[in-house]
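Here are a few short exercises to work through with the model open beside you. Try each task before you read its solution.

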Amino acid sequence: MRTSTPSPARPVDLAEARRVAVEAAEAAGTLLRSRVDGPVDVRPKGAAGDVVTELDTAAEALILERLRATYPGHRIIAEESGILDGAPGEEMVWLVDPLDGTNNVAIGMPVYAVGVALCARAEPVLGVVHDPVTGRTWSALHGGGAQGPDGAPLTLPEHPRPGRERNPVLAWTQGHQVGPGDAAAFRLRSRVEAGCARMLQLWAPLVGWAMLARGDIDGIVGYLPEIVDLPAGALLAAEAGAELRRLDGSPYELGIDRPPSELSFVAARPELLDRLLETAAGSAL
């Protein structure tokens, strides 16, 4: 995460874990892609306007089956199933978002992803993001860099795209608990949007993280983000060269045991970070 936090313990072979996670995410992606154009049963989820479909549960079941087959003692936190206990004292935890972008799928917009992450003592050590629409997969290991679909190292381009040095393209993400009356979110989002060429609200944070890691966009601002999809995407972008900070500019320590109030962030190309932090500070959160 580009912080001073020591690298967490790694009691598993991360190369093997990456293989398992990539294969599980891609299998889920194949399932989603084969069924997403057919009738989709959409059901309300919670009171904040979120939804869930049978695609979410089917893809999640597939991923959980594969993770359990290889790592039966590990704990799992899954978007739909919640917390699944592992062996007593187990410190390895998988996070599974089988369909990041369910609201997009529900309205027929092909912007969604599958995310799988592995954490050791609450700190992410492996992240996988798969885009079923294009069939591409990106992954990262803590301290081991990011990897693109072809297996080659993935790093941010040295310079932003022409014309975006002073007019960046950014993405905004917020947690489901953030309502339309949240004044702090409104102030922050408004200031960020006023200071960029375009601000994307994708409803699929993992897609945004992959775009940042590739250099397609220049930064992301997150307000009270959801924890289940955050580690995979944030680790991918950080290992590709993006910098992450808390909204007040302090070091960003991504741990799944942290409350949502400590997970709001600014993530950007290094040369853009200070400017975005000034914008965030000006919103007086």
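**Exercise 1.** Which helices each supply at least two residues of the lining of the largest cavity?

*Solution.* Before starting, note that this is a predicted model, in which local features need pLDDT of at least 70, side-chain atom pairs count only at pLDDT 80 or more, and totals for chains, interfaces and linings use all residues. Residues are numbered from 1 along each chain as its sequence is written, and side-chain values use heavy atoms, with hydrogens and water left out.

Step 1: take the terms. On a 1 Å grid over the protein atoms alone, a cavity is a set of points where a 1.4 Å probe fits but cannot get out, a pocket is an open set with protein on both sides within 12 Å along at least five of seven lines, and lining residues have an atom within 4 Å of a point. Helices (H or I, at least four residues) and strands (E, at least two) are DSSP runs, numbered from the N terminus.

Step 2: find the lining, which consists of P168, L170, R191, V192, G195, C196, L272, R275, L276 and T279.

Step 3: assign the helices. The answer is α4 (183-194) and α7 (270-282), and α7 gives the most, with four residues.

**Exercise 2.** Describe the largest pocket.

*Solution.* Step 1: the pocket holds about 780 Å³ of space, a volume being the space filled by probe spheres set on the grid points, which are joined across faces, edges and corners. Step 2: 39 residues line this pocket, and the closest to its centre are N103, Q174, G175, H176 and W203. Step 3: among the elements that supply at least two lining residues each are β5 (92-100) and α5 (205-214), while β11 gives the most, with four.

**Exercise 3.** Trace the salt bridge of E23 and say how open its partners are to solvent.

*Solution.* Step 1: a salt bridge is a side-chain nitrogen of Lys or Arg within 4 Å of a carboxyl oxygen of Asp or Glu. E23 pairs with R19, with the closest N and O atoms 3.0 Å apart. Step 2: both residues lie in helix α1 (residues 14-35), four residues apart, about one turn of the helix. Step 3: apply the cut-offs, where buried means under 20% relative accessible area, exposed over 50%, and partly exposed in between (1.4 Å probe, protein chains only). E23 has 38% relative accessibility, so it counts as partly exposed; R19, at 37%, is also partly exposed.
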